[in-house]
Amino acid sequence: MMTRSVHPALIGLAVLVFIFLVGPLVIVVGAALSDTSFLTFPPQGLSLRWFENIFEIAAFRRTIVTSLQIAFLSTGIALVIGIPAAYAMNRYRIALPGWLSTLFVLPVLVPELVLGFSLLKSVAVQFTVPIYISLVIGHTLLVLPYVVRVISASLANFDFSVEEAAISLGSPPLKTFFTILLPNVRSGVIAAFILAFITSINDVSISIFMTGPGISTLPIQLLAHTEQFFDPTVASVSVLLMVLTVAVMAIVERTLGLTFLAK
């Protein structure tokens with residue numbers, strides 16, 4: 001059996017792409033492990049003291065908790081809104097107006113800086129909504145389009161005749177929704193949760209407008225820290241965020257398998 005050889009140029013191109021993708025991560029990890037009091041690469045000595053420094057700074061401890069809370073809340077609210085919206089747009093596609101699906105992607109089409117300033121002017125200033133709730137509202141609007149789109153993609157392959165058959169056999173519509181439809185699009189719901197959670201916890205453009213005295217998110221605290229210090233603490237926080245992302249994907253792979261999300 002003959003095998004086709006790969007052109008050396010393609011191998012070289014693949015290596016360059018791999019270096020382009022992985023190189024920045026290696027630099028950040030190396031800088032986080034450096035024993036110097038300033039950011040440098042390659043690291044001069046190895047130390048974990050900058051990871052300890054994260055939890056010694058009260059502002060970082062506080063903003064880590066705040067970011068996780070807002071990410072969970074905004075993602076949960078986006079799922080509560082997005083799942084029924086995606087269901088309606090797929091189930092009653094003909095009856096609903098065509099512009100409705102566009103409405104849910106407007107936060108993606110509008111630049112995040114414009115969206116953040118608009119939310120600051122309307123939600124925080126005009127309606128005097130508390131800062132914490134304003135952040136939750138802003139992050140919910142940010143991640144809602146991703147939730148709707150990902151779940152809509154899963155529902156596009158769902159045979160709604162199964163739902164109709166269950167209802168015709170006496171199953172209540174609400175029970176059918178939770179016992180028939182949701183289990184069939186579970187992969188889309190999990191993928192939407194992961195994408196929305198990661199988007200929320202890494203957001204800067206909206207959070208920078210919505211934060212205020214006593215309440216801030218981790219990315220905004222990182223920006224404030226770099227204005228005063230140039231130590232590897234920022235790199236250490238970035239490594240922790242990467243570890244968090246990898247941990248989430250590892251849990252999904254361990255429990256469901258990454259191929260499950262591709263269904």
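Helices here are DSSP runs of H or I with at least four residues, numbered from the N terminus. With that in hand, you can find your first landmark: Val239 sits in helix H13. Keep in mind throughout that this is a predicted model.

**Stop 1: the whole chain**

Before zooming in, show the protein chain as a cartoon and colour it by secondary structure. You will find 14 helices and 0 strands, so the order of elements from the N terminus is α-α-α-α-α-α-α-α-α-α-α-α-α-α, following the DSSP assignment. Along the principal axes, the C-alpha atoms fill a box of roughly 75 × 70 × 30 Å.

Switch on a surface next. The accessible surface of the protein chain is about 15,300 Å², and carbon and sulfur atoms own 72% of that. Of the 263 residues, 37% are buried. If you draw a contact map, look away from the diagonal: among contacts with a separation of 6 or more, 71% join residues 24 or more positions apart. Colouring by charge gives you 12 positive and 11 negative charges, whose mean positions lie 9 Å apart.

**Stop 2: Val239 and Ser236 on helix H13**

Now select Val239 and show its side chain. Is this residue buried or exposed? Val239 counts as buried because its relative accessibility is 10%, and the cut-off for buried is under 20%. Add Val28 to the selection: the two are 211 residues apart in sequence, yet their C-alpha atoms are 7.1 Å apart. Beyond its neighbours within four places in sequence, Val239 is in contact with Val28, Val29, Ala32 and Phe51.

Stay on the helix and pick Ser236, which is also found in H13, a helix covering residues 233–255. Ser236 is buried, with a relative accessible area of 0%. Which residues does Ser236 contact, leaving aside its neighbours within four places in sequence? They are Ala32, Trp50, Phe51 and Ile54. Draw a distance between the C-alpha atoms of Ser236 and Phe51 and you should read 5.6 Å, for a pair 185 residues apart in sequence. Phe51 and Ala32 are worth keeping on screen, as they appear in the contact list of Val239 and in that of Ser236.

**Stop 3: the nonpolar patch**

Move to helix H1, residues 8–32, and select Phe20. Phe20 counts as exposed, at 64% relative accessibility. Phe20 belongs to a nonpolar patch on the surface, together with Val6, Leu10, Ile11, Leu13, Val15, Leu16, Val17, Phe18, Ile19 and Leu21. Select the whole group and show its surface: the patch has about 1,100 Å² of accessible area together.

**Stop 4: the salt bridges**

Side chains of opposite charge can pair when their charged atoms come close. How many salt bridges does a search of the whole structure find? The search finds 3.

Begin with Arg49 and Asp35, where the closest N and O atoms are 3.2 Å apart. Arg49 is in helix H2 (residues 49–56) and Asp35 is in the loop between H1 and H2, so this pair ties together parts 14 residues apart in sequence. Both partners are partly exposed: Arg49 has a relative accessible area of 36%, and Asp35 has 37%.

Next, centre on Arg91. Its side chain meets that of Glu163 in a salt bridge, 3.0 Å from N to O. This pair links distant parts of the chain, with Arg91 in helix H3 (residues 58–91) and Glu163 in helix H8 (residues 160–168), 72 residues apart. Arg91 also meets Glu164 in a salt bridge, at 3.2 Å from N to O. Glu164 lies in H8 as well, so that pair ties together parts 73 residues apart in sequence. Show Arg91, Glu163 and Glu164 as sticks and you have a network of salt bridges on screen.

Colour the three by accessibility. Arg91 is partly exposed at 24%, Glu163 counts as buried at 3%, and Glu164 is partly exposed at 40%.

**Stop 5: Thr217**

Finish in a loop. Thr217 is found between helix H11 (207–210) and helix H12 (218–228). Although it is a loop residue, Thr217 is buried, with a relative accessible area of 2%. What does Thr217 touch, not counting residues up to four places away in sequence? Select Thr63, Ser67, Ile70, Leu135, Ser207 and Thr211 to see those contacts.

Key: Residues numbered from 1 in each chain as written. Predicted model: local features only at pLDDT ≥ 70, side-chain atom pairs only at ≥ 80, totals over all residues. Heavy atoms only, no water. Helix = DSSP H or I, 4+ residues; strand = E, 2+ residues; numbered from the N terminus. Buried < 20%, exposed > 50% of the residue type's maximum accessible area, 1.4 Å probe, protein only. Contact = heavy atoms within 4.5 Å. Areas by Shrake-Rupley, 256 points an atom, 1.4 Å probe, with all protein chains shown as cover. Lys, Arg positive; Asp, Glu negative; His and termini not counted. Charge placed at Lys NZ, Arg CZ, Asp CG, Glu CD. Patch = residues over 30% accessible without salt bridge, like charges linked within 9 Å, V, L, I, M, F, W, Y side chains within 5 Å. Salt bridge = Lys/Arg side-chain N within 4 Å of Asp/Glu carboxyl O.
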